[in-house]
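Work through the following exercises with the structure open beside you, and try each task before you read its solution.

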There are 2 protein chains.
Amino acid sequence: MTVTAAEAIERATGCLLGGSLESAEAVAAMDARLSVARRAVEDQTYELLARQSPVAGDLRALVVAIKVGADIDRMGSLANHVAKVAKRRHPAVAVPDQMFDPFRKMGAVADRMARSAGAVLLSQDAADAERVALDDDAMDGLRRSLFRALLDEEWPYGVESAIDVALLGRYYERFADHAVSIADAVVYLVTGSLPEERAEPLG
Amino acid sequence: MTVTAAEAIERATGCLLGGSLESAEAVAAMDARLSVARRAVEDQTYELLARQSPVAGDLRALVVAIKVGADIDRMGSLANHVAKVAKRRHPAVAVPDQMFDPFRKMGAVADRMARSAGAVLLSQDAADAERVALDDDAMDGLRRSLFRALLDEEWPYGVESAIDVALLGRYYERFADHAVSIADAVVYLVTGSLPEERAEPLG
């Protein structure tokens with residue numbers, strides 16, 4: 001699921017930066033696949049719960065599994081939001097040339113964060129989770145520089161484009177937040193603690 | 001928790017429409033209280049799980065409890081996002097006079113939706129849930145009219161204000177989505193089914 005989410009945001013970003021409409025359709029399909037996968041996670045979790053008598057630790061793991069499934073599903077929806085903006089503006093390009101570079105970087109960071117969140121799910125390693133958190137700082141920095149450009153008195157691309165860029169920035173930021181949330185939930189499950197600044201493991 | 005979320009979005013809206021900075025602080029405090037309450041829900045749920053041997057149906061209810069706690073916590077964060085925009089622009093008012101009316105309506109609908117979601121939690125009644133869904137349609141309509149005003153060629157308030165209004169619209173929309181998500185999760189838990197157009201009970 002995390003690989004699909006990574007591919008979805010990568011393709012959505014390509015689509016946004018002048019890619020084809022087929023890319024937008026591909027992202028919509030990945031979003032739909034993630035919803036199906038998430039429901040499968042839920043169903044299998046409940047089946048496990050029904051057939052076994054899990055103790056508290058296992059129960060936490062199962063609740064975290066459902067929570068992580070929901071996070072990744074949401075990441076797919078956010079990638080699809082990006083693709084839909086691209087589609088709505090097609091054949092025009094939603095993002096002004098001058099903003100290509102920040103969006104390319106945000107796409108790359110988001111892609112990497114989804115994959116790193118997947119790595120944390122497999123390794124359950126706090127060091128992997130720390131990589132996700134570092135990339136999240138990078139994402140926040142990119143989003144801030146995006147808003148600085150938007151709020152520059154000289155922003156020459158008009159209101160419609162400013163709104164697109166602002167909402168797109170928000171979608172990437174939320175995508176990244178969910179990756180952090182996955183990594184934190186896994187680390188919390190395994191170690192029972194988190195760095196203080198991120199104290200909401202099921203956020 | 002739903003009452004606190006309702007009060008938070010109501011006060012945040014007041015704050016946005018020219019209210020005092022104290023209101024913004026009050027919203028921040030409610031947001032913090034909701035995070036504490038959500039953690040209490042999680043802790044008590046896990047305690048219940050540890051002391052008893054719940055069967056599948058009860059387990060679903062406990063997973064839904066954790067999910068609903070997370071939704072309401074997030075509603076508090078979104079109300080606080082609104083308050084923060086108001087605070088950032090203070091003593092100026094973030095929303096142009098002409099947009100007061102749609103925001104007042106969005107605030108009222110959001111407030112009502114949080115309370116209705118709370119009613120669903122108590123009554124577990126599909127009719128109450130339907131009221132939440134109807135208000136969500138109203139919210140979508142309000143958000144659409146907001147964007148029509150923003151994309152009007154004549155939008156006279158500049159880029160910064162357009163970005164504020166667009167992001168604020170998104171916060172109210174997401175606040176409403178979480179209320180729907182709570183109502184749907186409860187109805188799904190109780191009846192095992194949902195109207196087809198809303199088929200993601202744990203979304």
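To compare two copies of a chain, they are superposed by least squares on the C-alpha atoms of residues with pLDDT of at least 70 in both. The pLDDT enters here because this is a predicted model.

**Exercise 1. The two copies**

Task: Determine which rotation and which shift along its axis superpose chain A on chain B, and name the relation.

Solution: Two copies of a chain are related by a rotation about an axis and a shift along it. For this pair, the rotation is 180 degrees and the shift along the axis is 0.0 Å, and chain A then lies on chain B with an RMSD of 0.0 Å. That is the relation of a two-fold axis. As a next step, look at the surfaces through which the copies meet: 97% of the interface residues of chain A are interface residues in chain B as well, so the copies use the same surface.

**Exercise 2. The make-up of one chain**

Task: Describe which elements chain A contains and how its radius of gyration compares with the globule rule.

Solution: Begin by counting the elements, which gives six helices and zero strands in chain A. Read from the N terminus on, their order is therefore simply α-α-α-α-α-α. The radius of gyration of chain A is 18 Å, close to the 17 Å that the globule rule gives for 203 residues, so chain A is as compact as a globular protein of that length. Taken along the principal axes, the box filled by its C-alpha atoms is roughly 60 × 35 × 20 Å.

**Exercise 3. A helix pair across the two chains**

Task: Work out how α6(A) and α6(B) are oriented to each other, and which residues meet there.

Solution: Two packed helices are described by the angle between their axes and the distance between the axes. Here helix α6 of chain A and helix α6 of chain B, each spanning residues 158-191, pack at an angle of about 45 degrees, and their axes are 9 Å apart. That makes α6(A) oblique to α6(B), and the crossing is right-handed. Among the residues of α6(A) in this contact are Val159(A), Ile163(A), Leu167(A) and Tyr171(A), while those of α6(B) include Ala162(B), Ala166(B) and Arg170(B). Sorted by class, the contact has twelve nonpolar, one polar and two charged residues.

**Exercise 4. Helix pairs within a chain**

Task: Decide how α1(B) is oriented to α4(B), and how α1(A) is oriented to α6(A).

Solution: Take chain B to start with, where helix α1 (residues 2-16) and helix α4 (residues 100-123) pack at an angle of about 175 degrees with their axes 8 Å apart. Because angles over 145 degrees count as roughly antiparallel, α1(B) is roughly antiparallel to α4(B). The residues of this contact divide into ten nonpolar, four polar and five charged.

Turning to chain A, the axes of α1(A) and α6(A) come within 12 Å and cross at roughly 165 degrees, and the two helices are therefore roughly antiparallel to each other. Their crossing is left-handed. In this contact, Ala5(A), Ile9(A), Thr13(A) and Leu16(A) of α1(A) meet Leu168(A), Tyr172(A) and Phe175(A) of α6(A). By class, these are six nonpolar, one polar and no charged residues.

**Exercise 5. The backbone in the loops**

Task: Find where Pro91(A) lies, and state what phi Gln124(A) has.

Solution: Pro91(A) is in the loop between α3 (56-89) and α4 (100-123) of chain A, and the peptide bond that leads to Pro91(A) from His90(A) is cis, with omega near 0 degrees. In chain B, a cis peptide bond likewise joins His90(B) and Pro91(B). Gln124(A), which is placed in the loop between α4 and α5 (126-151) of chain A, has a phi near 50 degrees, a positive value in a residue other than glycine.

Notes. Residues are numbered from 1 along each chain as its sequence is written. Chains are lettered from A and ligands numbered from 1 in the order in which they are written. This is a predicted model: local features need pLDDT of at least 70, side-chain atom pairs count only at pLDDT 80 or more; totals for chains, interfaces and linings use all residues. Side-chain values use heavy atoms; hydrogens and water are left out. Axes are lines fitted to C-alpha atoms, for helices over the stretch in contact, and angles run from 0 to 180 degrees between N-to-C directions. Helices (H or I, at least four residues) and strands (E, at least two) are DSSP runs, numbered from the N terminus. Angles under 35 degrees count as roughly parallel, over 145 as roughly antiparallel, 65 to 115 as roughly perpendicular and the rest as oblique. A crossing is left-handed if the near helix is turned anticlockwise from the far one by less than a right angle, and right-handed if clockwise. Contact means heavy atoms within 4.5 Å. Ala, Val, Leu, Ile, Met, Phe, Trp, Tyr, Cys and Pro count as nonpolar, Asp, Glu, Lys and Arg as charged, and the others, Gly among them, as polar. The radius of gyration is taken over C-alpha atoms; the globule rule is 2.2 Å times the number of residues to the power 0.38.
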